[in-house]
Amino acid sequence: MSLLRPAATVVVGFTLLLGLAVPAAFTGIAGVALPSQAGGSLIERDGRVIGSALIGQTFTEARYFHPRPSATSAADPQDGSKTVDAPYNAAASAASQRGPTSQMLIDTVQERMAESGPAPVPADAVTASGSGLDPDISPENAARQVARVAAARAIPVERVRALVAANTVAPALGFLGAPRVNVLSLNLALDATR
């Protein structure tokens with residue numbers, strides 16, 4: 001019994017320190033040092049938030065680059081025991097949980113490959129990311145879409161290729177990760193092209 005009070009004091013003290021004070025301090029420091037990133041890396045257009053550089057969005061028109069497929073879902077409004085596709089639903093970030101032997105995954109990938117054109121098809125054109133929210137595609141995926149986007153916008157293919165190159169981000173420190181293209185940034189650059 002004599003140890004109960006000091007133990008409870010330590011638990012409460014560490015809870016206040018590590019559960020409240022430290023996170024509040026890091027949040028405050030991040031807000032000052034990196035305000036854009038701490039605020040969600042929001043992208044504005046004409047004073048209105050249109051997205052985040054960290055969360056993908058659905059683009060389906062031929063004149064836009066299409067993102068990586070999203071695996072996020074939401075509760076079916078008709079039947080709460082079922083789910084429906086809800087692409088890029090940040091409130092439901094999750095992978096599909098379908099393994100490599102899942103017939104549903106195999107069928108979905110084959111359907112996407114048929115829609116993507118001749119092989120080889122970049123993996124990110126037919127598979128969702130682990131979070132289902134990936135805002136980026138590979139340069140190879142973007143390159144496969146250049147002709148479609150250029151034709152839909154009636155602009156030269158070389159101009160679209162140049163925009164893809166300008167919006168391709170190299171791996172961090174030259175070796176961490178892979179080159180990537182942020183779909184929202186690229187589509188905004190396309191919209192700004194006259």
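The questions and answers below concern salt bridges, burial and packing in a predicted model.

Q: How many salt bridges does the structure hold?
A: One of the salt bridges joins Asp 191 and Arg 45, whose closest N and O atoms are 3.6 Å apart. Another is formed by the side chains of Arg 153 and Asp 191. For the structure, the count of salt bridges is 6.

Q: How many residues apart in sequence are the parts tied together by Asp 191 and Arg 45?
A: The two residues form a salt bridge, with 3.6 Å between the closest N and O atoms. Asp 191 belongs to helix H7 (residues 183-192) and Arg 45 to strand E1 (residues 42-45), so the pair ties together parts whose separation in sequence is 146 residues.

Q: Is Asp 191 buried or exposed?
A: The cut-off for a buried residue is a relative accessible area under 20%. Asp 191 has a relative accessible area of 14%, whereas its partner Arg 45 is partly exposed at 35%. Asp 191 therefore counts as buried.

Q: Which helix holds Arg 153, the residue that meets Asp 191 in a salt bridge?
A: The side chains of Arg 153 and Asp 191 meet with an N to O distance of 2.8 Å. This pair links distant parts of the chain, 38 residues apart, with Asp 191 in helix H7. Arg 153 is buried, at 14% relative accessible area. The helix that holds Arg 153 spans residues 139-153 and is H5.

Q: Which residues are linked with Asp 191 in a network of salt bridges?
A: Asp 191 forms a salt bridge with Arg 45, and Asp 191 also meets Arg 153 in a salt bridge. The network includes a further arginine, Arg 63. The residues linked with Asp 191 are thus Arg 45, Arg 63 and Arg 153.

Q: What elements do the buried residues of H7 pack against?
A: H7 is mostly covered, with 8 of its 10 residues buried. Among the buried residues are Val 183, Leu 184, Leu 186 and Asp 191. They pack against E1, strand E2 (48-52), E5, H5, H6 and strand E7 (180-182).

Q: Which residue caps the N-terminal end of H7?
A: The cap places a side-chain oxygen 3.2 Å from the backbone nitrogen of Leu 184. The capping residue also has a side-chain polar contact of 3.3 Å with Asp 136. The residue is Asn 182.

Q: Which residues does Asp 136 touch, not counting residues up to four places away in sequence?
A: Asp 136 lies in strand E5 (residues 136-137) and is buried, at 15% relative accessibility. Its side chain joins that of Asn 182 in a polar contact. Asp 136 touches Arg 68, Arg 180, Val 181 and Asn 182.

Q: How far apart are the closest N and O atoms of Glu 158 and Arg 161?
A: Both residues lie in helix H6 (residues 157-166), 3 residues apart, about one turn of the helix. Glu 158 is exposed at 54% relative accessible area, while Arg 161 is partly exposed at 45%. In their salt bridge, the closest N and O atoms are separated by 2.6 Å.

Q: What accessible area do Val 10, Phe 14, Leu 17 and Leu 18 have together?
A: These residues form a nonpolar patch on the surface. Phe 14 is located in helix H1 (residues 4-33) and is partly exposed, with a relative accessible area of 48%. Together, the patch residues have an accessible area of about 380 Å².

Methods. Residues numbered from 1 in each chain as written. Predicted model: local features only at pLDDT ≥ 70, side-chain atom pairs only at ≥ 80, totals over all residues. Heavy atoms only, no water. Salt bridge = Lys/Arg side-chain N within 4 Å of Asp/Glu carboxyl O. Helix = DSSP H or I, 4+ residues; strand = E, 2+ residues; numbered from the N terminus. Buried < 20%, exposed > 50% of the residue type's maximum accessible area, 1.4 Å probe, protein only. Patch = residues over 30% accessible without salt bridge, like charges linked within 9 Å, V, L, I, M, F, W, Y side chains within 5 Å. Areas by Shrake-Rupley, 256 points an atom, 1.4 Å probe, with all protein chains shown as cover. Polar contact = N/O pair within 3.5 Å; in protein donor to acceptor, adjacent residues only side chain to side chain. Contact = heavy atoms within 4.5 Å.
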